[in-house]
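I sat down with this one to see how its parts fit together. Here are my notes, in the order I looked things up.

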Amino acid sequence: MHAPQDVRAHAQAAADILARLRAKAPRVHCITNSVAQNFTANVLLAVGAQPSMTITPGEIGHFLSGAGALLVNLGTFDRERAEAIDVAIGAASAARKPWVLDPVLIDRSPPRAELARALLERHPAALRLNAAEFGALGGNSADTAALKQFANRHQCVVALSGATDFVADETRAVAIANGHPLMARVTAMGCAASALFAAFLAVEGDAWRAGVAGMLILGVAGEIAGERAEGTGSFAVGILDVLHRLDAATLIERTRVS
Amino acid sequence: MHAPQDVRAHAQAAADILARLRAKAPRVHCITNSVAQNFTANVLLAVGAQPSMTITPGEIGHFLSGAGALLVNLGTFDRERAEAIDVAIGAASAARKPWVLDPVLIDRSPPRAELARALLERHPAALRLNAAEFGALGGNSADTAALKQFANRHQCVVALSGATDFVADETRAVAIANGHPLMARVTAMGCAASALFAAFLAVEGDAWRAGVAGMLILGVAGEIAGERAEGTGSFAVGILDVLHRLDAATLIERTRVS
Amino acid sequence: MHAPQDVRAHAQAAADILARLRAKAPRVHCITNSVAQNFTANVLLAVGAQPSMTITPGEIGHFLSGAGALLVNLGTFDRERAEAIDVAIGAASAARKPWVLDPVLIDRSPPRAELARALLERHPAALRLNAAEFGALGGNSADTAALKQFANRHQCVVALSGATDFVADETRAVAIANGHPLMARVTAMGCAASALFAAFLAVEGDAWRAGVAGMLILGVAGEIAGERAEGTGSFAVGILDVLHRLDAATLIERTRVS
């Protein structure tokens, strides 16, 4: 259990990173699935980032040259997206820009899991996924020691979404208790978490801190939106509203980490 | 005109099927158009189903193996979707899983109508469409006798959307008067009806009952959302909220069938 | 500065065109990016138009034959879309139907800018874009004389979005001060402006008047929705609600042009 001052320090760090994001308005290029594109773009805009989403191989290098980070999301990927992912990771690596891998539903599709394992070898700054997806990569979500071990082996931050979220690198791990059950009842919420993580990487060099900020801010926004929502529709709308207006005082008041 | 007790029986049957859907949370694989994907996923999640939407041929078999039903929607179909549809129907047929055909806008596109006619020969459990689309398949929507005849010829349930919805198999037909004019002013509402039908097929073996439940529940939700909406935007949000909270008492109170 | 009676005349003309749109419910075919498709369709439905969005080359001619106008939007274009654009412009030109070019983000992608320049030679009725995109086409947004010059050189109406919107043809130019800062914080708002322009072209033969109506109506709707919104989520929902209910009195009261 973290001491109250640690909890407050996490909240304050997230608020600082969010303030930087709003001030710098970084571009985030997203190779993501067609189900999630609109909501992902609106989540990024709500926090102050500038999304771009082209999957045309000949354009990706141009878009990445002005972007601060890249999101690679494997949901509903088609052939052109598979090629786009390869080109985008190559361009991000060459420019030393951080990228986030979101291996959506690889637990249900062996060929997609195989692709995710190959991409993990290409050094993403972070991996954002749920426990079932983590298991399909050989990950063990039983405790934070196992998460740190995985992060160390693959030299990337792991953000694990669930009733409690975990963010770990090889030496640090935090459990985030914020969030709301409705987050599992709206499509693309995990995709949005990965996109936020990428946006925060564009303004924060410590990838673990960027991940904690992303998961914490989405969890707090989900919690507030969930308390006000009349169902899944107004919840999805409300989470954008809350992200747009979220302030440091609310983050400090709401943050529950350990 | 159905007697009051018949109306109540329809409402109660739909409520029972909805309760089963919420308890079992079946997976529904959707090959659907990019305009409708996000709303369709959120409609399925609102009633408690688990959507998946990949169109990559090499993955579809894996996704279908865990799914309870398949939706095949022909809106904005591209080349990869055409191949995906073929693979998905093959996999569903081999596994004897029910699938719903939604021949979007075939009345405006002869090549699409030709594809729909070919797919109709591959034994969908159900066909969900509007009167113009039904006409393009040679269907006659003039009366329920004609609907039953079509259902008998093609051995599938027909769900016809309009100011009044009809659901027919070879021997049974029901007219559903629920709904709201705003349902025609939001994109993908018909696509969502077909997706709901597929979700109900995953938990109800009698395809006609599944279809009546799907059309009735969407009609009642649309009616309630329409009464509360301030326009088309809040209507689309509201229908998700209502679907998420709909209970048996409301269904029984609202159902208007004959 | 326009005299008050001119302002009122612009508002009244826009209201008249909107009334015609609602009465005729024209079809508008949209080749647009997958991020914007759903919102674009809902914006068109909110004002009373009928969207179609297929990108399958073999179908586009059939869809265009019943459409009143075409939108060509270059956002997230893939290979099939590039082919679809070529086919669609050919069909629109052959049938002498107006089309709108929206060169999304060409300022960030030289190959996309090259495509936009080539398409501009194929005689769109209108070009709708922002200042950065206009610059990538060699356009100078410094004053209305430069806009008129560009419109004259390319024989098309130019609608330039920004804090103030401008609509110009070779002899006429108007500045529209309506709008709200939240319009830049929701994805696909520019795409929606272009779609509205196309819809108005389907019912108004004077392309400049159609463009003024489209930009003015979206600006007024954005202004009203922005005043009521609690953030970016409710803003995007609210703008659909306002578009759906907008009346002549509100337009006349709100219009600020010069």
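**Entry 1: the chains.** I superposed chain B on chain A, and a rotation of 120 degrees with 0.0 Å of shift along its axis does it, at an RMSD of 0.0 Å. The fit is by least squares on the C-alpha atoms of residues with pLDDT of at least 70 in both copies. That is how a three-fold axis relates copies. In chain B, S34(B) has the C-alpha nearest the axis, 3.7 Å from it. The copies use different surfaces, as 4% of the contact residues of chain B recur in chain A; contact means heavy atoms within 4.5 Å.

**Entry 2: ground rules.** I note that this is a predicted model, where local features need pLDDT of at least 70 and side-chain atom pairs count only at pLDDT 80 or more, while totals for chains, interfaces and linings use all residues. Residues are numbered from 1 along each chain as its sequence is written, chains are lettered from A and ligands numbered from 1 in the order in which they are written, and side-chain values use heavy atoms, with hydrogens and water left out.

**Entry 3: a helix pair across chains.** How do helix 5 of chain A and helix 3 of chain B cross? Their axes, for residues 110–120 and 57–65, come within 8 Å and cross at roughly 120 degrees. (Axes are lines fitted to C-alpha atoms, for helices over the stretch in contact, and angles run from 0 to 180 degrees between N-to-C directions; helices are DSSP runs of H or I with at least four residues, strands runs of E with at least two, numbered from the N terminus.) P110(A), P111(A) and R112(A) meet G58(B), E59(B), H62(B) and F63(B) there.

**Entry 4: a threonine in chain C.** I found T56(C) in the loop between strand 2 (50–52) and helix 3 (57–65) of chain C. T56(C) counts as buried, at 12% relative accessibility; buried means under 20% relative accessible area, exposed over 50%, partly exposed in between, with a 1.4 Å probe and protein chains only. Leaving out residues up to four places away in sequence, T56(C) touches F77(B) and D78(B).

**Entry 5: the sheet of chain B.** Here 8 strands form an open sheet with mixed pairing, in the order 2-1-3-4-5-6-7-8; two strands pair if DSSP finds at least two bridges between them. Strand 2 (50–52) and strand 8 (173–176) of chain B stand at the edges with a single partner strand each, so one side of each has no neighbour in the sheet. Strand 3 (residues 69–73) and strand 4 (residues 99–102) of chain B run parallel, joined by 4 bridges. L71(B) stands opposite V100(B) in strand 4 of chain B.
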